[in-house]
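Please open the model in a viewer and keep the sequence panel visible beside it. The tour proceeds by selections, each followed by a description of what is found there.

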Amino acid sequence: MTALLFTNARIVDGTAPERGAPMDVLVEAGRIREVAPKITSAAAETVDLGGRTLMPGLIDAHVHTIACLADLGANAKLPDSLVTVRAMKLMGEMLMRGFTTVRDVGGADHGLKVAAAEGFFPAPRLNISGKALSQTGGHCDFRGPYDDRETIKTGFALGALGRVCDGVPEMRKAAREEIKGGAQFIKIMANGGVASPTDPIHFLGFAREELLAVVEEAENAGTYVSAHLYTDAAIRRAVECGVHSLEHCNLIQAETAKFAAAQGAIAVPTLVTYDKLSSEGAAMGFPANSVAKIDSVRLAGMESIAIMREAGLPMAYGSDLLGQMHRHQSEEFVLRGQVMPAHEVIAAATFIAARLLRMEGQIGCIAPGAFADLVVVDGDPLADLALLTHQGRHMPIILQGGAFVKRTALN
Ligand code: ZN
Ligand code: ZN
């Protein structure tokens, strides 16, 4: 791998409200070797960025790479071969939007992670939970009210977001099986959901003893639990039981946000999926009873961002899109930019997400020793977050692990 020297780069990494002064960045053997105002290297190929913006590769902390259909019940019935190919395509498109790492919070298995890392197809670094855990009638139970056939306990389809388990022993076993299978954290459905048929938003998922058990299993394996959550009561209960990664959080209130911040939790709002489910969901095959639930969480979403920011609860970037709506992945930047400063929005997809993935210093920063995951942006995203949208149109260069995945001539 050739060494690369990027010169005259204005760094934007979410730590400051203004672009940095021009810097040089030396990349060797897939890693960032040096960042300084002036670097000379005889061995490296020089790429003069001419004052363009240089960002760490973006991180999306809430995706479902296997959700090729908006109807998740139907998605779970597709053959694994079809889901694999469609997931690789979805991942390739994520990478070309500048997302060099994504955290899959339900569905992707270890095989998909290995396939992404092998590099035969362009794909982000993949961080996975394996199958999400749901109770009977919860957010991953797509059987509907008139189907009482037993749920399967093993051999899950790749297209299934999750698996059903009930009671402490099944919960512990399911968590252990996911960790054995390569899960890097455990995802649970601890509240009603929009995409599922029999769980209104206000339902609490799992008993406290089940939540405490799964948190213990995750911590025994040196990791954490991420939970699907909307209501204030569900979030408070989850944090009390030790849940660390709080997905969605649309209906959170100030006291709970402060409590979660004090416990060291990280929230992962996903405003864009409700925005797009509302405008496009029905046309994309999202079931009618699910469409009817959207506004109960969508309308409170923007307010939740302000509440969490005020409470000092860190927020990582999440998109949570399904099927053809994946193309809106970068629009979460613009939505959040309506309620918080641009550099804080960018921080969600850089160092805050890296902390959540427990990869601080490795990804989400431009510093010696980090992976050389880099995105060049034409213009200043701190002045216009929409430069990060449009499928990477304003990103002439995308680098992953020191290799170009996109290289357009700079002029
Ligand atoms: Zn969810
Ligand atoms: Zn999700």
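The stops below cover the domains, their interface, the metal sites and one helix.

This is a predicted model, in which local features need pLDDT of at least 70 and side-chain atom pairs count only at pLDDT 80 or more, whereas totals for chains, interfaces and linings use all residues. Residues are numbered from 1 along each chain as its sequence is written, chains are lettered from A and ligands numbered from 1 in the order in which they are written, and side-chain values use heavy atoms, with hydrogens and water left out.

**The two domains**

Select residues 4-56 together with 362-407 for domain 1, then 58-329 for domain 2; these bounds come from an automatic or database domain assignment. The C-alpha centres of the two domains lie 31 Å apart.

**The interface**

Next, display the residues in contact (heavy atoms within 4.5 Å): 16 belong to domain 1 and 12 to domain 2. Together the domains bury about 1,200 Å², of which 59% is on carbon and sulfur atoms; buried area is the accessible area (1.4 Å probe) that two parts lose on being put together, summed over both. Highlight I363, Q391 and Q400, which supply 40% of the area that domain 1 buries against domain 2, more than any other three residues.

Now select R125 and D373, which form a salt bridge with the closest N and O atoms 2.8 Å apart. The term denotes a side-chain nitrogen of Lys or Arg within 4 Å of a carboxyl oxygen of Asp or Glu. The count between domain 1 and domain 2 is 1 salt bridge.

Which elements give two or more residues to the side of domain 1 that touches domain 2? They are strand 5 (53-56), strand 16 (397-400) and strand 17 (403-407), strands being DSSP runs (E, at least two residues) and helices likewise (H or I, at least four), numbered from the N terminus. Strand 16 gives the largest share, 3 residues.

**The zinc ions**

Move to ligand 1, a zinc ion whose protein donors are H228 (ND1) and H248 (NE2), lying 2.0 to 2.1 Å from it. Donors are N, O and S atoms within 2.8 Å of the metal (3.2 Å for Na, K and Ca); water is not among the atoms, so sites may look incomplete. H228 lies in strand 12 (residues 225-231) and H248 in strand 13 (residues 245-251), so the pair ties together parts that are 20 residues apart in sequence.

Then select ligand 2, a zinc ion separated from the zinc ion of ligand 1 by 3.6 Å. Its protein donors are H62 (NE2), H64 (NE2) and D320 (OD), at 2.0 to 2.2 Å.

**Helix 3**

Finally, select residues 110-118, helix 3, with D109, which caps the N-terminal end of this helix: a side-chain oxygen of D109 lies 3.2 Å from the backbone nitrogen of G111. Just after helix 3, G119 takes a positive phi of about 80°.

Technical notes:
Polar contact = N/O pair within 3.5 Å; in protein donor to acceptor, adjacent residues only side chain to side chain.
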